[in-house]
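Biologist: Could you take me through the salt bridges in this one, pair by pair? I'd like to know which side chains meet and how buried or exposed they are.

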Amino acid sequence: MSQIEIVEIIEQIKQKIEVDANGQAKASLRATARLAGVSDKAIGKVLESANLEPSKLAQMLMQQSFDAANLTDWRTSGIPDTAIAIILEYYAYEAGRYCTK
């Protein structure tokens, strides 16, 4: 991805990112998907899988002390910045050939 593409993506999603008084950021499901280069449906499925049969990404998030119930709430409340980092790392290094847009 070129610098120009990254700047364009940030410009498109900046309204969907919030920062609270403590400096912690949250991004919408769509903004997170856009950063990861996947569809919002793909990340939505991951969040939904947490309570039933967690996907590898959902397991990674839960191993970092995120509760399965919180993962499903993120669809409406936003995804915390630390979780976004885990999601981006997963799609960059772990998803491999299973990662489709």
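Modeller: Let's settle one term before we start: a residue counts as buried under 20% relative accessible area, as exposed over 50%, and as partly exposed in between. Keep in mind that this is a predicted model. Searching the whole structure turns up four salt bridges, and I'll go through three pairs, among them two that join distant parts of the chain.

Start with Glu11 and Lys14, whose side chains form a salt bridge at 2.8 Å, N to O. Lys14 has 46% relative accessibility, so it is partly exposed. Glu11, at 45%, is partly exposed too.

Next comes Glu48 with Arg75, a salt bridge in which the closest N and O atoms are 3.2 Å apart. Here the partners come from distant parts of the chain: Glu48 sits in helix H3 (residues 40-49) and Arg75 in helix H5 (residues 68-77), 27 residues apart. Glu48 has a relative accessible area of 45%, which means it is partly exposed. Arg75 is also partly exposed, at 39%.

Then look at Lys56 and Glu94, which meet in a salt bridge at 3.0 Å, N to O. This pair also links distant parts of the chain, with Lys56 in helix H4 (residues 56-63), Glu94 in helix H6 (residues 81-94), and their positions 38 residues apart. Lys56 comes out partly exposed at 47%, and Glu94 partly exposed at 38%.

Definitions and conventions: Residues are numbered from 1 along each chain as its sequence is written. This is a predicted model: local features need pLDDT of at least 70, side-chain atom pairs count only at pLDDT 80 or more; totals for chains, interfaces and linings use all residues. Side-chain values use heavy atoms; hydrogens and water are left out. Buried means under 20% relative accessible area, exposed over 50%, partly exposed in between (1.4 Å probe, protein chains only). Helices (H or I, at least four residues) and strands (E, at least two) are DSSP runs, numbered from the N terminus.
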